[in-house]
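Dear colleague,

Please find below the sequence and the structure that I am handing over to you. My account of what was found follows directly after them.

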Amino acid sequence: MELRQLRQFVAVAQTQSFSRAAERLFMAQPPLSVAIRKLEDEIGVPLLERGSRGVKLTPAGHAALTAATKCLDSAADIVTAARQAANGESGGLRIGFIGSLTFSLLPRLIQHFSRRYPHVKLDLSESTNQGLLSMIESETVDVAFVREPTTHPSNMVFETISRDVFCVAMPADHPLTRKQSLSLQELRDQDFIGYTPSRVGGLNAAVMHLLREAGVSPRVTQEAVQVQTVVGLVRSGLGIALVPSINAAFMPADVEFRPLNDLPESSHIGIALVYRERDNNPVIRRFIASIQHSIAEHGAKLQR
């Protein structure tokens with residue numbers, strides 16, 4: 001039994017005429033009659049009652065019509081599903097991200113993509129830069145949002161999706177909150193909340209490089225991995241910290257943030273999307289295009 005036979009049977013059953021069904025199928029009537037006879041012989045029961053005024057379905061024919069229609073619908077679904085998957089419009093995408101991204105950029109990008117491609121199942125995993133790069137390498141995730149600067153393995157593609165600068169986070173009662181902006185030199189002799197060092201770079205390397213270039217030797221009293229944890233330690237009064245300015249709007253009201261007025265151009269930080277260079281998953285292409293569209297709406301461009 002072939003789909004072609006089922007389509008022919010459904011056409012005859014719906015038109016109640018071999019001649020009209022043949023016209024619909026763009027074929028001659030005699031081969032159509034032969035095909036239906038062969039189908040009945042294969043099934044072993046008559047499906048049609050033939051008469052001078054056309055044809056009528058037998059009880060077996062009614063049952064066969066219902067089953068044949070479902071079968072043809074399912075075959076069409078197979079074609080649709082395969083084409084959607086090949087075009088990246090369905091399937092799955094495993095996304096890694098750094099925790100502080102959940103306060104700002106990540107929700108907007110995920111919502112934008114999910115609205116456009118509701119048939120793609122997203123699986124999100126939080127980790128550090130080092131963990132995310134390892135997950136990309138081991139193919140545990142398909143794409144990841146990492147903090148720049150970081151190391152760039154040669155088999156991975158990095159595309160900057162957001163650029164940012166450091167600002168100063170302080171307890172609300174800190175003396176420096178009286179100023180609207182600060183210089184790096186004003187951070188001398190302050191207790192610092194730092195970031196845990198990582199062999200792939202990240203915020204610790206960026207902060208230490210910035211302070212070292214300014215001739216400021218930080219007195220690091222505590223260290224943490226994630227930005228939100230660092231801000232929590234600042235809130236506890238254990239020191240000040242340099243944090244990405246994008247996170248300032250999403251932090252507690254009893255932590256004050258001030259911009260730095262003498263940041264060098266080389267101190268810029270940001271967020272990059274990273275994926276394997278030779279990964280041919282079509283959903284990744286759709287995800288990148290969605291990010292580009294979302295960022296373009298906010299006046300920025302994706303950069304390699």
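I begin with the aromatic rings, for which the count comes to three aromatic pairs. In one of them, the rings of phenylalanine 113 and tyrosine 117 have centres 5.1 Å apart and planes at 40°, so this pair is classed as tilted. Please bear in mind throughout that the model is predicted.

Phenylalanine 113 also pairs with phenylalanine 287: the ring centres are 5.2 Å apart and the planes stand at 80°, so the pair is edge-to-face. This second pair links distant parts of the chain, since phenylalanine 113 belongs to helix α5 (residues 105-116) and phenylalanine 287 to helix α9 (residues 282-297), 174 residues apart. Are these rings buried or exposed? Phenylalanine 113 has 0% relative accessibility and therefore counts as buried. Phenylalanine 287, also at 0%, counts as buried, and tyrosine 117 is buried with a relative accessible area of 11%. Together with Phe145, the residues Phe113, Tyr117 and Phe287 form one aromatic cluster.

Next, the start of the chain. Helix α1 covers residues 3-15. How far apart should the ends of this helix be? At 1.5 Å a residue, its 13 residues should span 18 Å, where the expected span is 1.5 Å times one less than the number of residues. The C-alpha atoms at the two ends are 18 Å apart, which agrees with that expectation.

The buried residues of α1 are Gln5, Leu6, Gln8, Phe9, Val10, Ala11, Val12, Ala13 and Thr15. They pack against three helices, α2 (18-25), α3 (29-43) and α4 (59-86), and against the strands β1 (48-51) and β2 (54-57).

Two residues that follow in this part of the chain deserve a note on their backbone. Glutamine 16 comes after α1 and lies in the loop between α1 and α2. Its phi is positive, about 55°, although glutamine 16 is not a glycine. With a relative accessible area of 47%, glutamine 16 is partly exposed. Phenylalanine 26, in the loop between α2 and α3, likewise has a positive phi, near 60°, in a residue other than glycine. Phenylalanine 26 is exposed, at a relative accessible area of 77%, the cut-off for that class being over 50%.

A further backbone feature concerns a proline. The peptide bond from glutamate 148 to proline 149 is cis, with omega near 10°. Proline 149 is in the loop between β5 (143-148) and β6.

Serine 90 is another loop residue, placed between α4 and β3 (91-97). Why does serine 90 count as buried? Its relative accessibility is 12%, and buried means under 20%. Leaving aside neighbours within four places in sequence, serine 90 is in contact with Ala81, Gln84, Ala85, His119, Val120 and Val283.

I turn finally to the empty space. Rolling a probe the size of a water molecule over the atoms shows where such space is left. The structure holds one cavity of 30 Å³ or more, and about 50 Å³ of space lies in the largest cavity. Which residues line the largest cavity? They are Ser100, Leu101, Ser104, Arg147, Ser162, Asp164, Ile246, Asn247, Gly270 and Ile271. By class, this lining has three nonpolar, five polar and two charged residues. The strands β6 (156-164) and β12 (269-276) each supply at least two residues of the lining.

As for open space, the largest pocket holds about 270 Å³. Of the 18 residues that line this pocket, the closest to its centre are Thr128, Asn129, Gly202, Leu203 and Val225. The elements giving two or more residues to the pocket lining are α6 (129-137) and α7 (203-213). The lining of the largest pocket divides into seven nonpolar residues, 10 polar and one charged.

Yours sincerely

Key: Residues are numbered from 1 along each chain as its sequence is written. This is a predicted model: local features need pLDDT of at least 70, side-chain atom pairs count only at pLDDT 80 or more; totals for chains, interfaces and linings use all residues. Side-chain values use heavy atoms; hydrogens and water are left out. On a 1 Å grid over the protein atoms alone, a cavity is a set of points where a 1.4 Å probe fits but cannot get out, and a pocket is an open set with protein on both sides within 12 Å along at least five of seven lines; lining residues have an atom within 4 Å of a point. Grid points are joined across faces, edges and corners, and a volume is the space filled by probe spheres set on the points. Helices (H or I, at least four residues) and strands (E, at least two) are DSSP runs, numbered from the N terminus. Ala, Val, Leu, Ile, Met, Phe, Trp, Tyr, Cys and Pro count as nonpolar, Asp, Glu, Lys and Arg as charged, and the others, Gly among them, as polar. Buried means under 20% relative accessible area, exposed over 50%, partly exposed in between (1.4 Å probe, protein chains only). Contact means heavy atoms within 4.5 Å. Rings of Phe, Tyr and Trp (its six-membered ring) pair if their centres lie within 6.5 Å; planes under 30 degrees apart count as stacked, over 60 as edge-to-face and the rest as tilted.
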